[in-house]
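Reader: I would like a close look at one part of this model, the place where two helices from separate chains pack against each other. Please take me through that packing carefully, and then through the surroundings that help me place it.

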Amino acid sequence: MNSIILLSLLTVINLFAGFSKNKNLSFILSFIGIAASAILLGILWNGNDVTNILAPNFINHMLSFDNTTIVFGVLLCVNASLIVLLLHSHEEPMDIPAAEFLTLVLTMLVGALCMVSYTNLTMLFLGLEILSISAYILAGAKKRDYRSNEAALKYYLMGAFTTGVFLFGVALIYGATGSFDVTEIAKYAALPNPQSIYYVGIILLMIAFAFKIAAAPFHFWTPDVYTGAPTLVTALMSTLIKTAAIVAFYRLFNTCFAGATNWSMILMIMAAITMFIGNVTAIVQTNVKRMLAYSSIAHSGYLLFALFALGNNSGASLLVYMAGYTFASILAFAGIIVVQHNMHSNDLNAFNGLGKRNPILAVCITIAMLSLAGIPPLAGFFGKFYIFTNALKADYVAISLWAVLMSCVGVYYYLRIVINMFFKSAEPDAKEFILPASYQIVMGICLCLVVLLGVAPGILSGLI
Amino acid sequence: MSTLLFYIFSLLTIVSAIGVVVSKTPINSILSLIATFFFISCHYILLNAQFLGIVNMIVYAGAIMVLFLFTIMLLNLNKDSEPQHNNFVKVSAVIASGMLLIVLLSAFKDTININHNTLAVVHTNQVGLLQNLGTVLFTKFLVPFEISSVLFIAGVVGAVVLGKKEIGE
Amino acid sequence: MNTFLSTLPAVPINSYIALSAVLFCIGALGVMIRRNIIIMLMCIELMLNSVNLLLTAFSSFKNDADGQVFVFFVMAVAAAEVAVGLGIIVMIYRNTFSIDIDRLSELKN
């Protein structure tokens with residue numbers, strides 16, 4: 001709770017920091033604030049809640065910080081701080097001032113933290129909305145760019161529509177159970193013969209979450225929005241928002257609906273379609289951002305595995321998967337921003353000959369792509385490995401085979417970039433790109449983490 | 001008589017809601033939407049949620065709709081130049097939402113048969129009164145109440161940065 | 001007001017659920033068939049209102065204030081969302097002088 005309070009205060013302070021002559025002030029404030037909130041989350045480990053400003057009763061009905069929450073909360077904080085670092089070098093110019101941009105990143109983080117720690121659907125709803133509203137604005141951060149405008153509008157319309165569906169689901173669940181509290185809902189779910197409005201409510205919630213994590217058949221907005229939004233915001237959307245949404249979804253199903261198994265079939269079909277559409281459509285894309293958008297859809301499919309094959313290890317496998325995916329994605333998007341800045345294009349051909357010009361950058365992008373594809377011994381491989389092992393333990397053999405097949409399809413389009421970088425020659429007058437210092441730091445951190453988590457995934461999976 | 005009032009208000013609500021969807025110009029849509037909000041407020045009063053009924057009028061009809069009207073007036077958008085979807089899209093949209101309605105209604109058919117003791121609760125309960133709502137809002141729901149301030153910061157920042165004219169524009 | 005209402009027999013909750021479902025579907029239909037962004041936003045507001053009605057009805061029938069407090073949060077969120085949405089519309093209008101959704105199809109491949 002303290003971390004949420006700190007970040008909320010920081011949003012206001014940050015806006016005032018925007019008036020300062022020192023342009024770095026708001027960056028420093030945000031970075032320190034996010035780091036401090038990660039520490040504040042960390043000290044709650046194993047329930048050491050020593051400092052509650054408000055009376056604990058009021059909080060405990062709304063938010064709870066168990067170890068799963070804390071680990072994911074810290075992951076979200078790390079994710080946000082990497083994005084803040086990337087913003088600092090102005091490699092990708094935005095039309096809105098940096099202080100406002102950072103404020104919106106902070107509000108987004110507050111929303112995400114609420115979503116991973118809620119115990120009451122009210123907090124889930126507010127967290128989801130804080131996250132989404134900040135994301136709508138950030139998607140339009142390049143105000144004069146027509147494509148960014150369009151992305152903001154599409155995202156907004158889809159998001160607002162989803163809010164309606166989500167709320168209708170919440171209302172029906174309230175009608176059936178008489179409470180918004182997840183423990184009360186769980187008590188109701190354990191009763192025999194729940195009312196049919198309860199099931200309709202669950203289905204509507206599932207549709208809303210499928211929209212948010214871009215799972216098929218509710219993924220159609222994703223390619224346009226991811227391609228049109230500024231690349232840095234795309235990185236935020238495909239990592240931070242996805243983590244928050246999938247963890248919220250996981251918490252909801254793990255605590256409330258674990259008793260009812262009817263929905264796991266629906267989620268399984270959804271996962272199968274999502275993996276197919278994401279991987280197969282990504283093959284024909286020539287725009288790298290669009291390709292990563294489809295790849296992000298495909299990853300939602302793998303993530304759904306953790307939900308329908310719910311077991312004791314689901315949280316741990318979700319964590320390993322999400323950590324690997326987050327760092328590899330940030331690495332890939334950072335590379336794309338550098339290429340886009342220098343070549344003014346997101347096309348696959350813009351990557352030609354990068355291996356000769358900027359070997360280090362090319363190696364970074366290659367590692368990111370290999371990790372996303374799930375090649376051992378990188379972090380992405382162990383994420384997939386844990387998730388599929390869990391599914392196999394729960395006897396989901398056919399869908400696991402399908403997922404492995406789809407991962408193999410995925411290898412093809414991830415390797416296309418690698419081939420372009422190393423085996424195609426660039427235009428003769430091309431010069432070396434200069435990596436700004438903050439990019440070097442972020443890419444270095446991500447690279448280390450992707451390799452480290454690939455070599456020793458146990459350090460994360462042992463936590464929860 | 002309450003049943004009669006319910007059906008009258010429901011009919012009016014649905015008619016004005018359809019008005020929002022079919023009217024040609026945005027201004028007509030807004031007026032229909034305000035009418036819809038008014039009838040929904042009447043429903044709130046029938047449900048003995050008097051405070052919500054009033055807040056609904058103040059917030060939705062008074063604030064949100066005025067925001068819509070301002071935007072339309074400022075940008076001079078009230079033209080009837082909206083190109084229409086082709087009929088295929090329209091028919092499929094109607095079929096889709098019709099099916100959604102059928103699914104929802106059929107799911108609700110076997111809902112809760114509340115006996116008359118519970119029915120009497122609706123008119124005698126005090127939950128919708130200001131004092132009671134305030135107590136719940138500031139005790140049990142204190143944390144969400146405070147967190148919603150972050151939502152408003154995001155909203156304010158968004159409205160300002162997106163709506164502001166840049167230098168040189 | 002209380003004495004007046006307490007003399008009346010009430011409507012069963014199913015009628016309220018049905019009314020909300022109808023309003024919700026009208027709103028969803030509007031989002032699908034209209035192309036004027038402002039009207040689409042209004043249809044989304046209609047959907048949120050149907051949810052509010054449903055929550056209030058449940059809250060009233062269950063004699064539990066939580067549902068009505070939730071409606072406050074829905075209203076707060078709706079207000080913030082509309083402010084941002086209209087901001088986005090103003091931004092787009094500055095660039096394109098149009099708010100027709102189909103002119104915005106630059107991104108379609």
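Author: In this predicted model, α3(B) and helix α3 of chain C, which covers residues 37–62, pack with their axes 12 Å apart and at an angle of about 175°. Because an angle over 145 degrees counts as roughly antiparallel, α3(B) is described as roughly antiparallel to α3(C). From α3(B), the residues that make this contact are Leu52(B), Ile64(B), Phe68(B), Thr71(B) and Ile72(B), and from α3(C) they are Ile38(C), Met42(C), Glu45(C) and Thr56(C). Sorted by class, the residues of this contact of α3(B) with α3(C) are six nonpolar, two polar and one charged.

This helix pair belongs to a contact between chains B and C, to which chain B gives 74 residues and chain C gives 68 residues. On the chain B side, the elements that each give two or more residues are α1 (2–22), α2 (26–46), α3 (50–75), α4 (87–108), α5 (116–124), α6 (130–139) and α7 (142–163). The largest share of that side, 11 residues, comes from α3(B). By class, the side of chain B that touches chain C holds 49 nonpolar residues, 23 polar residues and two charged residues.

On the chain C side of the helix pair, Leu55(C) also lies in helix α3 of chain C. Leu55(C) has 28 other C-beta atoms within 10 Å and is therefore buried, the threshold for that being 20 or more. Leaving aside residues up to four places away in sequence, Leu55(C) touches Gly67(C), Phe70(C) and Val71(C) in chain C, and Ala171(A) and Tyr174(A) in chain A. For one of these partners, Val71(C), the separation along the chain from Leu55(C) is 16 residues, while their C-alpha atoms are separated by 6.9 Å. Another residue of chain C, Ile13(C), is found in helix α2, which spans residues 13–33, and Ile13(C) counts as buried because it has 23 C-beta neighbours inside 10 Å. Ile13(C) and Phe58(C) are 45 residues apart in sequence, yet 7.4 Å apart in space from C-alpha to C-alpha.

The two chain A partners of Leu55(C), namely Ala171(A) and Tyr174(A), lead on to the contact between chains A and C, which takes 32 residues from chain A and 31 residues from chain C. Here the elements of chain A that give two or more residues are α6 (121–139), α7 (146–177) and α10 (222–228), and α7(A) supplies the largest share of the chain A side, 16 residues. That side of chain A, where it touches chain C, has 17 nonpolar, nine polar and six charged residues.

As for chain A as a whole, it has 20 helices and zero strands, and 63% of its 464 residues count as buried. Its radius of gyration is 21 Å, which agrees with the value near 23 Å that a compact globule with 464 residues would have. Along the principal axes, the C-alpha atoms of chain A fill a box of roughly 70 × 55 × 40 Å. Among contacts in chain A with a separation of 6 or more, 80% are between residues 24 or more positions apart.

Returning to chain B, the domain assignment divides it into domain 1 (2–128) and domain 2 (129–169). The contact between these domains of chain B takes five residues from domain 1 and four residues from domain 2, and the domain 1 side that touches domain 2 has two nonpolar residues, three polar residues and no charged residues.

Notes
Residues are numbered from 1 along each chain as its sequence is written. Chains are lettered from A and ligands numbered from 1 in the order in which they are written. This is a predicted model: local features need pLDDT of at least 70, side-chain atom pairs count only at pLDDT 80 or more; totals for chains, interfaces and linings use all residues. Two residues are in contact if their C-beta atoms, placed from the backbone, lie within 7 Å. Helices (H or I, at least four residues) and strands (E, at least two) are DSSP runs, numbered from the N terminus. Ala, Val, Leu, Ile, Met, Phe, Trp, Tyr, Cys and Pro count as nonpolar, Asp, Glu, Lys and Arg as charged, and the others, Gly among them, as polar. Axes are lines fitted to C-alpha atoms, for helices over the stretch in contact, and angles run from 0 to 180 degrees between N-to-C directions. Angles under 35 degrees count as roughly parallel, over 145 as roughly antiparallel, 65 to 115 as roughly perpendicular and the rest as oblique. Domain bounds come from an automatic or database domain assignment. The radius of gyration is taken over C-alpha atoms; the globule rule is 2.2 Å times the number of residues to the power 0.38. A residue is buried if 20 or more other C-beta atoms lie within 10 Å of its own, exposed if 12 or fewer, and partly exposed in between; C-beta atoms are placed from the backbone.
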